[in-house]
Amino acid sequence: RVLSPIVKPLAWGGLIYYIVETLFGDDEEDEQNSESTASEEGSLTKGSENDGAEGTDDTLFIPLGSAYQLPQSFYKGSDPEWQSFIQLSRNKKRCAFLKNELTGLVGQFVGTMPHMERALGKGNIPKRHWLDIDFPDGPPPEYERKGFGLLPPL
């Protein structure tokens with residue numbers, strides 16, 4: 001509570017300074033940086049170029065409120081992810097290999113924890129296990145957040 005009157009104005013001042021500097025910063029530095037990055041981009045290979053991924057532009061995003069989850073979507077029978085799940089479920093050898101591999105990894109991880117070693121004893125390896133492979137009904141949930149996107153001057 002004592003720091004609150006000091007910290008709040010400093011935080012707001014820092015945020016305002018960052019926004020103003022981003023929007024109206026020194027254009028000479030930007031030109032020099034763009035010339036140096038243009039020469040570096042010429043030397044990049046095609047595989048390392050950015051293919052338009054989100055979040056790589058120079059916008060400043062100021063969120064308003066918290067993120068909310070979008071409605072859940074489900075896989076269709078023709079989706080490539082669902083087809084790969086079907087192929088995996090039909091391959092019994094691969095499923096057994098994955099289960100055994102996961103069991104071994106968990107056993108190694110638990111063996112490195114001192115408190116588990118004291119409880120279970122030294123040199124414990126899993127002998128029997130029961131794992132089910134469950135496939136998701138749809139892709140992971142997506143979230144959206146409302147806010148302002150500030151573009152740099154052109």
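Helices, of at least four residues, and strands, of at least two, are DSSP runs numbered from the N terminus. With that convention, Lys 146 in this predicted model can be placed in the loop that links strand S3 (143-144) to strand S4 (147-150). The residue is exposed, its relative accessible area being 56%. Even so, Lys 146 has partners from elsewhere in the sequence: once neighbours within four places are set aside, it is in contact with Phe 61, Pro 63, Leu 64 and Tyr 68. A further pairing shows how the chain folds back here, as Lys 146 and Ala 67 are separated by 79 residues in sequence but by 7.4 Å in space, C-alpha to C-alpha.

It helps to set this loop within the whole chain. Five helices and four strands form the secondary structure, and they follow one another in the pattern α-α-β-β-α-α-α-β-β. Of the contacts between residues at least 6 apart in sequence, 82% join residues at least 24 apart. Buried residues account for 6% of the 154 residues. The chain exposes about 13700 Å², and 58% of this area is supplied by carbon and sulfur atoms.

Helix H4 offers a good view of how burial is arranged. This helix spans residues 92-111, 20 residues in total, and reaches 28 Å from its first C-alpha to its last, close to the 28 Å expected at 1.5 Å a residue. Its buried residues are Cys 95, Thr 103 and Gly 107. These three lie on the same side of H4 because they cover an arc of only 105 degrees around the axis. On the other side of the helix, Lys 93, Gln 108 and Phe 109 are exposed. Helix H3 (80-90) is included in what covers the buried residues of H4.

Within H4, Thr 103 deserves a closer look. Its relative accessible area is 12%, and since buried means under 20%, Thr 103 counts as buried. Leaving out residues up to four places away in sequence, Thr 103 touches Pro 126, His 129 and Leu 131.

The surface has a feature of its own to show. Trp 12, Leu 15, Ile 16 and Val 20 together make a nonpolar surface patch of about 410 Å². Trp 12 belongs to helix H1 (residues 4-24). With a relative accessible area of 56%, Trp 12 is exposed.

Technical notes:
Residues are numbered from 1 along each chain as its sequence is written. This is a predicted model: local features need pLDDT of at least 70, side-chain atom pairs count only at pLDDT 80 or more; totals for chains, interfaces and linings use all residues. Side-chain values use heavy atoms; hydrogens and water are left out. The expected span of a helix is 1.5 Å times one less than its number of residues. Buried means under 20% relative accessible area, exposed over 50%, partly exposed in between (1.4 Å probe, protein chains only). The arc is that of the directions from the helix axis to the C-beta atoms. Contact means heavy atoms within 4.5 Å. Patches are made of residues with over 30% relative accessible area and no salt bridge: like charges are joined within 9 Å, nonpolar side chains (Val, Leu, Ile, Met, Phe, Trp, Tyr) within 5 Å. Accessible areas come from the Shrake-Rupley method with a 1.4 Å probe; for residues, only the protein chains shown count as cover. A salt bridge is a side-chain nitrogen of Lys or Arg within 4 Å of a carboxyl oxygen of Asp or Glu.
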